[in-house]
Amino acid sequence: MRITVIGSGYVGLSTAVCLAACGHQIVCVDVLPERVASINQGQVPFYEPRMPEMLSAGLSSGRLRATGDLGEAIVSSEVTFICVGTPQAEHGIDLSAIATAARQVGAALRHTSGYHVVAVKSTVIPGTTDTLVRQMLERHSGRTVGQFGLCVNPEFLREGWAIDDFMHPDRIVIGQWDEKSGQVLTEVYRAFECPMFFTTLRNAELIKYTSNALLATLISFSNEIAALCEATPDTDVREVMRALHLDHRLSPLVNGKRIRPGILNFLWAGSGFGGSCLPKDVNALRAYGREQHVPLPLLDAVMTINANRAAYLEQLAEKALGSLSGRRITVLGLAFKPGTDDLRESPALTIIRLLLDKGAQVRGFDPLLTTTPRSLNIDARVSLCATPEYALREADAALVTTAWPEFAQWDWAQLCRLMRQPVIIDGRNVLSEVVWPPATRYWSIGRVVENGT
Ligand code: UGA
């Protein structure tokens, strides 16, 4: 099928390269000329594993190209996915990019004669597609919905796993204006074997938010239980959560096998959730609740617990070192999670700010981020180090803020020798299997903290 994808961020470009791999003919549209040029040259404008290979495969097969000309793309396609950003605004989310895209798609539809389906992939609050998007499309195309198709098709991919998640989805949710619209998307996804879930436009919009709100709730829940464990001798939040996960309602058996609960199963206590999606989506849902006069105390608490994580970690550092003034603290991990270089809403940045406010000298290390703090929009007082040895030399403490699995593979016996004092605060519980040299003080989340252990 011939498909236009508007917006070439994580969601748009993942959609484009994966659908091209399924045999569809894809045109990516973006308002940024440099982004269009970089896609056509096979350069992925952000870090995402497997994306460069997928993009070059799409380009060399002739099934993928990018353009800035939305009208030209639409007239030669049957389906358009809207994948533009919906950033956080003061009261809810900013829908201006969605409105612009819908207006331009509507105007382009005037010059088409065939049936065309517009599918919103961007995360939007319930009712947006049925009101704003539909109105824009109808007004500018001169047609009424039904003459063109309208769907909501949310995306559930994770940064760092975008290609795998897109190609092997748990489910494909299709909110449809009418059956005819949904049928066209069934064709788009004919190569996929997962369940297709057909529903209303508003349900599909709400499913996306509900999904992220549940993940955020699980994380704050595990952080709340972690706090209880820290006050209760002989408990360990990791043990509690591992056993909890074995409940068949959380980890069902698949072909007689249970997927082993792991670090990314969303009950892993730590420094809290960040990124461009979970915090934004929970806040958007809360704003929607306020607008509808529906109190959402659970989601309010989820955000409050999350916001308190950074202060808690800074306080742990104070507990370990006393005054932080002049202390050298190495923050290990800057991205909001492992497998990405994305700093958006990263808990590490909030923790760094608090440490600097207390007068600490902060050094940072992240496997994917080795440029200058300024270019990353990080406080210029932070020195970014290219190697763990450089980062930890003469440090008074190391504070782990991102769950990079490779941290556990380092030679900690040697690294601890380089430190001024071997104090390790593991804010992500990733170093629990490390055998520490004597005299190391290793503190982790969700266990009683004992001085000198
Ligand atoms: C999230 C969802 O997982 C995706 O399903 C969704 O499609 C995506 O948002 C989106 O809306 O586009 P992502 O933002 O890539 O994906 O990040 P996650 O893997 O969900 O991690 C979010 C944060 O939670 C990270 O800071 C991570 O460190 C933290 N986390 C995760 C924990 O603290 N504990 C856990 O057990 C799991």
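In the predicted model, the protein chain comprises 15 helices and 18 strands. The C-alpha atoms of the chain occupy a box of roughly 75 × 45 × 45 Å when the principal axes are taken as the frame. For a chain of 453 residues, a compact globule would be expected to have a radius of gyration near 22 Å, and the value of 24 Å computed for the protein chain agrees with that expectation.

Two open sheets are described here, beginning with one of eight strands, whose order is 3-2-1-4-7-8-9-10 and whose pairing is mixed. Its edges are formed by strand 3 (64-67) and strand 10 (196-199); each of these has a single partner strand, so one side of each remains without a neighbour in the sheet. From one strand to the next, the twist averages 25 degrees. At the edge formed by strand 10, the connection to strand 9 (residues 172-176) is parallel and consists of four bridges. Within this pair of strands, isoleucine 174 has phenylalanine 198 of strand 10 as its bridge partner.

The other open sheet contains six strands in the order 15-14-13-16-17-18, and its pairing is parallel. Here the edge positions are taken by strand 15 (383-384) and strand 18 (441-444), each of which pairs on one side only. Strand 13 (residues 328-332) and strand 14 (residues 361-365) run parallel and are joined by five bridges; in this region, threonine 330 stands opposite arginine 363 of strand 14. In general terms, the strands of a sheet pair through backbone hydrogen bonds, in either a parallel or an antiparallel arrangement.

The ligand is surrounded by 22 residues, of which Leu157, Glu159, Lys208, Asn212 and Phe336 come nearest. Classified by residue type, this shell has twelve nonpolar and seven charged residues, together with three polar ones. Among the elements of secondary structure, helix 9 (201-230) and helix 11 (278-291) each supply at least two residues of the shell, and the largest share, four residues, comes from helix 9.

Several of the nearest residues place N or O atoms close to oxygen atoms of the ligand, and both backbone and side-chain atoms are involved. For leucine 157, a backbone N or O atom lies 2.8 Å from a ligand oxygen atom. The side chain of lysine 208 contributes a polar atom at 2.7 Å from an oxygen atom of the ligand, and an N or O atom in the side chain of asparagine 212 is likewise found 2.7 Å from an oxygen atom of the ligand. Taken alone, the ligand would expose 720 Å², and 94% of that area is buried by the protein.

How values were computed: Residues numbered from 1 in each chain as written. Predicted model: local features only at pLDDT ≥ 70, side-chain atom pairs only at ≥ 80, totals over all residues. Heavy atoms only, no water. Near = heavy atom within 4 Å. Polar contact = N/O pair within 3.5 Å; in protein donor to acceptor, adjacent residues only side chain to side chain. Areas by Shrake-Rupley, 256 points an atom, 1.4 Å probe, with all protein chains shown as cover. Nonpolar A, V, L, I, M, F, W, Y, C, P; charged D, E, K, R; others polar. Pairing = 2+ DSSP bridges. Axes fitted to C-alpha atoms, helices over the stretch in contact; angles between N-to-C directions. Rg over C-alpha atoms; globule rule 2.2 N^0.38 Å.
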